[in-house]
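Welcome! Please open the structure in your viewer and keep the selection tool ready.

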Amino acid sequence: MRPSRLLDLAVWLAVCAPPVALALDNRDARGMAVAAVAVPLFGAATAVSRRWPLAALAIPVAVSLALDVQMFGPLSWTWAALVVFGYLAGHRMASARPALWFFSAVALAGLPLSGLVLRDLWGWPTQLLTLLLAVVVPWLLGRWRRQHAELVRTGWRLADRLEREQRAVADRARLRERARIAGDMHDSLGHDLTLLAVRAGALELDPGLDPRQQAAVRELREAAAASTERLREIIGVLRADDEDAAAPPREESVETIVERARDSGVPIVVEHPAGDAGVIDGLPPMTALAVRRVLQEALTNAAKHAPGATVRVRLASDDGVVTLEVVNDPAPAAAPTAAPAGVASGGSGLVGLAERVRLAGGVLRAGPAPGGGFEIAAKLPVTELPVTELPVAGSRAAHEQVRTAAGPGVPETTAARELDLARRRVRLRLAQAVGIPVAVLTGIFALLIPLSFVSSSFSVLDPATYEGLKAGEPRDDLRSRLPVFTRDGAPDGAPAPPPGQDCVYYTMTTDSDRAYRLCFTRDRLVSKTVVP
């Protein structure tokens with residue numbers, strides 16, 4: 001049997017135990033009949049409690065109202081069903097609105113039932129109090145328990161999301177490291193293998209070598225070329241995006257890049273402010289490399305998209321920031337359509353350049369120039385940015401550090417907002433579980449004041465009518481002569497009613513401490529007296 005079925009069986013046995021025990025203890029026909037009806041009804045409520053929890057709660061509430069409008073008399077054996085199904089309804093219902101409408105309907109129905117059936121207005125506050133303590137309070141506790149469970153699930157879901165994000169960060173770090181390894185291999189080992197192949201090719205043509213030596217040199221050149229090809233394959237595997245064109249070596253200077261582009265036919269004008277001719281000297285390695293890559297990509301774009309146009313390069317340093325601006329004029333009308341062969345792109349593109357500049361602590365701007373043409377400008381810090389150790393991702397320290405670094409006005413992450421919303425819901429449900437019963441109790445006590453006035457005003461029995469009542473008359477025959485409502489219990493100090501008799505009290509006058517007492521046995525008047 002599944003655990004859910006076992007739990008339902010335990011619930012059914014728990015709510016059926018009080019009526020069965022009470023029937024077996026009293027051994028009266030009425031108790032046996034009530035237990036025979038309650039047990040299958042509670043079984044039906046248990047069966048539907050998972051799918052329709054509010055319908056399951058309505059069954060014990062209806063049984064309680066059928067036995068006693070006040071829901072207080074049968075509470076000695078229905079309290080377990082009211083409490084259990086009230087809690088289950090709060091825990092299993094996704095929306096609280098249907099339950100609130102149900103509670104309101106039961107509470108409002110108690111007023112006409114108490115006034116017309118019991119002819120006792122004081123039965124309504126009793127019903128409200130029973131409904132509050134035996135049904136509403138367990139329902140609120142179930143709602144709070146549901147929200148707490150949702151908070152726990154939200155926490156685990158966010159923890160799983162953070163774990164996946166950490167794995168993604170680690171994967172990105174590995175990819176970046178592979179790209180760095182590829183760049184280092186391309187810039188150093190690839191350059192050395194290329195020089196080795198060139199020198200071997202020159203040595204192969206030396207007339208002083210015999211055929212055997214030339215064959216050995218040829219094998220050396222071919223091996224170097226084959227190694228270069230294998231190196232390019234390895235770089236293609238390591239790099240996230242393959243770069244077709246060769247990147248410039250790290251030691252290549254800005255002047256070398258400009259001169260190579262000029263030799264390829266690109267008209268370039270270099271503008272150096274006074275004292276900034278050697279601005280790239282002494283820059284941090286990452287900043288200097290970013291400057292060279294931006295310059296190379298800008299010259300390549302100018303030669304590709306505006307061939308024949310004049311390119312102006314301006315490199316300056318001011319207040320700890322080095323600025324590189326590359327602006328090309330609009331392309332001439334009769335310009336060639338292909339870039340000169342000597343200008344090779346770094347293959348990064350503007351997106352890659354922007355990321356490289358950002359990692360160096362700078363910003364990149366690219367777009368149409370005010371006077372026509374295209375402009376690429378980069379601003380980078382002269383001093384190298386310090387690398388600090390960050391807290392573990394997902395921890396409270398990391399969250400606070402990110403919020404502090406981001407500054408005011410920066411929105412929190414979706415995960416943080418989701419967790420904060422779940423916490424607020426739990427606090428709200430807890431406040432409701434405490435505040436709603438207190439508010440309802442306050443309302444019930446406030447309701448006692450007008451009820452006391454109404455009960456005193458409409459429970460006055462005329463003395464002449466009292467004198468005309470005769471013992472043995474049926475209660476139904478007396479209803480038309482008696483007041484609409486009974487008094488709120490016996491006056492203070494009144495003697496206890498005789499055993500086995502059902503006694504009601506009526507007010508003698510609205511300001512009197514004495515009352516008329518009428519006692520009935522089997523719905524017939526057996527005695528009348530003035531108390532105390």
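Here is a short tour, stop by stop.

**The whole chain**

Before selecting anything, keep in mind that this is a predicted model. Show the full chain as a cartoon: its secondary structure comes to 14 helices and eight strands. The chain has 532 residues, and 36% of them count as buried. Now switch on the surface, if your viewer can draw one. The accessible surface is about 30100 Å², with 61% of that belonging to carbon and sulfur atoms. How do the contacts spread along the sequence? Among those between residues at least 6 apart in sequence, 66% join residues at least 24 apart.

**Stop 1: helix H3**

Select residues 53-67, which make up helix H3. This helix has 15 residues, and from its first C-alpha to its last it reaches 22 Å, close to the 21 Å expected at 1.5 Å a residue. Which residues of H3 are buried? Colour Pro-53, Leu-54, Ala-56, Leu-57, Pro-60, Val-61, Val-63 and Ser-64 to see them. As you look at the pattern, remember a general rule: an α-helix has 3.6 residues a turn, so residues three or four places apart point the same way.

**Stop 2: an aromatic meeting point**

The structure holds three aromatic pairs. For one of them, select Phe-103 and Trp-139, whose rings meet edge-to-face, with 5.5 Å centre to centre and 85° between the planes. Phe-103 belongs to helix H5 (residues 97-118) and Trp-139 to helix H6, so this pair ties together parts that are 36 residues apart in sequence. Are these two residues buried or exposed? Phe-103 is buried, with a relative accessible area of 7%, and Trp-139 is buried too, at 3%. Add Phe-102 to your selection, and you have one aromatic cluster of Phe-102, Phe-103 and Trp-139.

**Stop 3: along helix H6**

Next, select residues 123-204 to show helix H6, then pick out Arg-199 within it. Arg-199 has 62% relative accessibility; the cut-off for exposed is over 50%, so Arg-199 counts as exposed. Now add Arg-221. These two arginines are 22 residues apart along the chain, and their C-alpha atoms are separated by 8.2 Å.

**Stop 4: charges over rings**

For the last stop, show side chains as sticks. Select Arg-475 and Phe-520: the arginine lies over the face of the ring, at 4.2 Å from the ring centre. Then move to Lys-528 and Tyr-466, where the charged end of the lysine sits over the tyrosine ring, 4.8 Å from its centre.

Note on methods. Residues are numbered from 1 along each chain as its sequence is written. This is a predicted model: local features need pLDDT of at least 70, side-chain atom pairs count only at pLDDT 80 or more; totals for chains, interfaces and linings use all residues. Side-chain values use heavy atoms; hydrogens and water are left out. Helices (H or I, at least four residues) and strands (E, at least two) are DSSP runs, numbered from the N terminus. The expected span of a helix is 1.5 Å times one less than its number of residues. Buried means under 20% relative accessible area, exposed over 50%, partly exposed in between (1.4 Å probe, protein chains only). Contact means heavy atoms within 4.5 Å. Accessible areas come from the Shrake-Rupley method with a 1.4 Å probe; for residues, only the protein chains shown count as cover. Rings of Phe, Tyr and Trp (its six-membered ring) pair if their centres lie within 6.5 Å; planes under 30 degrees apart count as stacked, over 60 as edge-to-face and the rest as tilted. A charge sits over a ring if NZ of Lys or CZ of Arg is within 6 Å of the ring centre and within 35 degrees of the ring normal.
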